[in-house]
Amino acid sequence: MGNQIKNTELVGKFVSRRGYTDLYIHGKVVGVYGKTGIIIQEMRAVENTVKREYAVGGFSAICLNNADQKWEFKTLESTLKDRVSKAFFNIFVISDEPRHHYDYNF
């Protein structure tokens, strides 16, 4: 992806921030400015609707269905501006649907 993608191709896509084994929803791309700028409508994950199942293990317990998370999302009124660069794609993940993942086993 990186330098080959144009900022206009990101409009309508969702942006999530990498965090070690977690993935945090950042927002939806709603516009562009200049050659490399994007405008992001902020979003937050509010609730994991899947009931977690645990088994004894690790330090205390292991979440058996860690990969089965389904989150509800809330769109905020605020927007952010960001610049698309090589570093952007090292920090953020672009997807067609909002993505959020909390690693309950870390």
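Q: What makes V32, Y33, G34, K35, T36, G37, I38 and V84 contacts of N7 in this predicted model?
A: Setting aside neighbours within four places in sequence, N7 is in contact with each of these residues, and contact here asks for heavy atoms within 4.5 Å. N7 itself sits in the segment before β1.

Q: Why is N7 called buried or exposed?
A: The relative accessible area of N7 is 6%. Buried requires a value under 20%, so N7 is buried.

Q: How do you know that N7 and G37 make a polar contact?
A: A polar atom of the N7 side chain lies 2.9 Å from the backbone oxygen of G37. The limit for such a pair is 3.5 Å, so the distance of 2.9 Å fits within it.

Q: What makes K13 and D96 a salt bridge?
A: Their closest N and O atoms are 2.5 Å apart, and the cut-off is 4 Å, so the pair qualifies as a salt bridge. K13 lies in the segment before β1 and D96 in the segment after β7 (92-95), so the pair ties together parts that are 83 residues apart in sequence.

Q: Why do K13 and D96 get their accessibility labels?
A: K13 has a relative accessible area of 26%, which falls between the 20% and 50% limits, so K13 is partly exposed. D96 comes to 56%; exposed means over 50%, so D96 is exposed.

Q: How do you know that R44 and E42 form a salt bridge?
A: The closest N and O atoms of R44 and E42 are 3.0 Å apart, and the rule accepts distances within 4 Å, so they count as a salt bridge. By this rule the count comes to 2 salt bridges. E42 is buried at 11% relative accessibility, while R44 is partly exposed at 37%.

Q: What makes the phi of Y20 worth a look?
A: Y20 is not a glycine, yet its phi is positive, about 55°. Most residues other than glycine have a negative phi. Y20 is placed in the loop between β1 and β2 (22-33), and with a relative accessible area of 82% it is exposed.

Q: Why is G19 called buried or exposed?
A: G19 has a relative accessible area of 14%, and the limit for buried is under 20%, so G19 is buried. G19 belongs to strand β1 (residues 14-19).

Q: How do you know that β4 and β5 pair?
A: Strand β4 (residues 54-57) and strand β5 (residues 60-63) share 4 bridges in the antiparallel sense. Pairing needs at least two bridges, so these strands pair. V56 stands opposite A61 in β5. The two strands form a hairpin with 2 residues between them, and G58 in the turn has a positive phi of about 60°.

Q: What makes up the largest nonpolar core?
A: This core has 11 residues in all, including I5, L10, V15, F88 and I94. β3 (37-48), α1 (86-91) and β7 each supply at least two residues of this core. Its members must be buried and joined through side-chain atoms within 4.5 Å.

Q: What is the order of elements along the chain?
A: From the N terminus on, the elements run β-β-β-β-β-β-α-β, giving 1 helix and 7 strands.

Notes. Residues are numbered from 1 along each chain as its sequence is written. This is a predicted model: local features need pLDDT of at least 70, side-chain atom pairs count only at pLDDT 80 or more; totals for chains, interfaces and linings use all residues. Side-chain values use heavy atoms; hydrogens and water are left out. Buried means under 20% relative accessible area, exposed over 50%, partly exposed in between (1.4 Å probe, protein chains only). A salt bridge is a side-chain nitrogen of Lys or Arg within 4 Å of a carboxyl oxygen of Asp or Glu. A polar contact is a pair of N or O atoms within 3.5 Å; within protein, one must be able to donate a hydrogen and the other to accept it, and residues adjacent in sequence count only if both atoms are side-chain atoms.
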